[in-house]
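Trainee: I would like to understand how the descriptive words used for a structure are justified. Could we go through them one at a time, setting each value against its definition?

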Amino acid sequence: MEQEKVNGNKEPCAEASSYRCSACHGDEDWGPGHPLRGRSKSRSLSAAPVLASAREFRRTRSLHGPCPVTTFGPKACVLQNPQTIMHIQDPASQRLTWNKSPKSVLVIKKIRDASLLQPFKELCAYLMEENNMVVYVEKKVLEDPALLSDDHFGPVKRKFCTFREDYDDISNQIDLIICLGGDGTLLYASSLFQGSVPPVMAFHLGSLGFLTPFNFENFQSQVTQVIQGNAAVVLRSRLKVRVVKEPRGKKVAVPNGISENGVLAASLDVEVGKQAVQYQVLNEVVIDRGPSSYLSNVDVYLDGHLITTVQGDACPAGVIVSTPTGSTAYAAAAGASMIHPNVPAIMVTPICPHSLSFRPIVVPAGVELKIMLSPEARNTAWVSFDGRKRQEIRHGDSISITTSCYPLPSICVRDPVSDWFESLAQCLHWNVRKKQAHFPEDEEDADEEGGEERAGS
């Protein structure tokens, strides 16, 4: 799909996923052929009237608060820069709509889980027979012996369109994604789309299910509502990660021009002999010391400035760079705060830091982080992306991380705020505690009588 033109160039918006730059002049495009656009109103952070009235500070159902006034006193104001104007959407009004009816759907099923076979059959039959949709599945899903031996499922199975991960690019053929399983199915769906991502409807059929809000019991009515465009969405920001490695005399086979779901980035680094690979990450990038027994020792740069050196002493010691969606995953286990996915931010969380003062931090979504081995490092480091594609990082290699302009639109059961707090309560048992008992009635009466006697005296 041809990308939108920004300032005359065919480049995507470089702003963070929960907002868009004003040069785009439009809503987000989700999926090829049939773009989806949110019907939400946007507010400009740079639009500042000279005189502000009380009505301009009226709060809406938004996580971002009112638009700030950028004039300070009679003579001071913020310098207006058209290239940095941002529009923040009100998350409470982000709704799904279709320009055209969706015709193709990708069904992602957790592999090697017998309990999902029946839901998978029912869903695919419903999509094909009742909605006349083209259903895509991964080829190895249909290689399950239970499906191969099911003669009743044969007529449906012959209608599938199949693909192979890392070899077949289906990003321009999918209108909707439906996940059956746990949170890993949503992470896998994200890895398949290195550009625009179609809307994702995730059914909770796994173990945790923090990112999968739908129950499968009433799937027919729920799928119908989504196809009709009657649903709320939360835009889960992703990280654009660029790994640049020094050449070491070993060529890497790249099937179909794609290296392990990473897009080969054409840049000056390739021209001078370096290998650059780009990934889209939904949860987190983890850099650790791997199997080495030495301290992890990596430098962290923010917009070109060295902000800290991460030194850790344990088997997984290192640093986590995560999205708000990833703040409830590995980062939460490492002691970080949990952030709502509509908040435009990047989290930096140390793993087993050899320091009493190294606390997790949150930085703006628009910054670029760069991580490299420190010159003093005695060993290499290892990096993984959403728990996959683990690889070694040596001296001279670099990892650049910023917020991607391609968010993952996750369909909500109710709305982004209610779904998130429901997941906190049901999956993580957030702030669950036995309630304090109230005073017995006789003690309360005694306290009241004692108080009256003291007042009378």
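Mentor: Let us begin with pairing: two strands pair if DSSP finds at least two bridges between them. Strands (E, at least two residues) and helices (H or I, at least four residues) are themselves DSSP runs, numbered from the N terminus. Before we apply this, note that the model is predicted, so that local features need pLDDT of at least 70 and side-chain atom pairs count only at pLDDT 80 or more, while totals for chains, interfaces and linings use all residues. Residues are numbered from 1 along each chain as its sequence is written, and side-chain values use heavy atoms, with hydrogens and water left out.

Trainee: What makes strand β16 (residues 284–288) and β19 a pair?

Mentor: The definition asks for at least two bridges, and β16 and β19 are joined by 5, running antiparallel. Within β19, Gly318 is the residue that stands opposite Asp288. Strand β20 (residues 345–351) also pairs with β19 in the antiparallel sense, again over 5 bridges, and there Val321 has Val348 as its bridge partner.

Trainee: Why is strand β19 (residues 318–322) called largely enclosed?

Mentor: A residue is buried when its relative accessible area is under 20%, exposed when it is over 50%, and partly exposed in between, using a 1.4 Å probe and protein chains only. In β19, 5 of the 5 residues are buried, so the strand is largely enclosed by the rest of the structure. Over the whole protein chain, buried residues make up 48% of the 457 residues, and the chain has 9 helices and 26 strands.

Trainee: What makes strand β7 (residues 134–138) mostly covered, and in which sense, parallel or antiparallel, does β7 pair with strand β6 (residues 104–109)?

Mentor: In β7, 4 of the 5 residues are buried. The pairing of β6 with β7 is in the parallel sense and rests on 3 bridges, with Ser104 having Val134 of β7 as its bridge partner.

Trainee: How do you know whether Asn132 counts as buried or exposed?

Mentor: Asn132 has 64% relative accessibility, and because that value is over 50%, this residue counts as exposed. Asn132 lies in the loop between α1 (117–130) and β7, and has a positive phi of about 55° although it is not a glycine.

Trainee: Why is Cys352 called partly exposed?

Mentor: The relative accessible area of Cys352 is 37%, which falls between the two cut-offs, so the residue is partly exposed. Cys352 sits in the loop between β20 and β21 (361–364), and its phi is near 50°, a positive value in a residue other than glycine.

Trainee: What makes Ala114 an exposed residue?

Mentor: With a relative accessible area of 62%, Ala114 is over the cut-off and is therefore exposed. Ala114 belongs to the loop between β6 and α1, and its C-alpha is 8.2 Å from that of Ala146, with the two positions 32 residues apart in sequence.

Trainee: What makes helix α4 (residues 183–192) mostly covered?

Mentor: In α4, 9 of the 10 residues are buried, among them Asp183, Leu186, Tyr188 and Leu192.

Trainee: Which residues of strand β11 (residues 233–236) point one way, and which the other way?

Mentor: Val233 and Leu235 point one way and Val234 and Arg236 the other way, and all are buried. β11 pairs with strand β26 (residues 408–411) in the antiparallel sense over 4 bridges, and Val233 stands opposite Ile411 in β26.

Trainee: What makes a space in this structure a cavity, and how many are there of 30 Å³ or more?

Mentor: On a 1 Å grid over the protein atoms alone, a cavity is a set of points where a 1.4 Å probe fits but cannot get out, and its lining residues have an atom within 4 Å of a point. Grid points are joined across faces, edges and corners, and the volume is the space filled by probe spheres set on the points. The structure holds 2 cavities of 30 Å³ or more, and the second largest has about 30 Å³ of space.

Trainee: Which residues line the second largest cavity?

Mentor: The lining consists of Ile287, Val298, Ile371, Met372, Leu373, Ala381, Ile393 and Ile399. Strand β22 (residues 369–373) gives the most to this lining, with 3 residues.

Notes
On a 1 Å grid over the protein atoms alone, a cavity is a set of points where a 1.4 Å probe fits but cannot get out, and a pocket is an open set with protein on both sides within 12 Å along at least five of seven lines; lining residues have an atom within 4 Å of a point.
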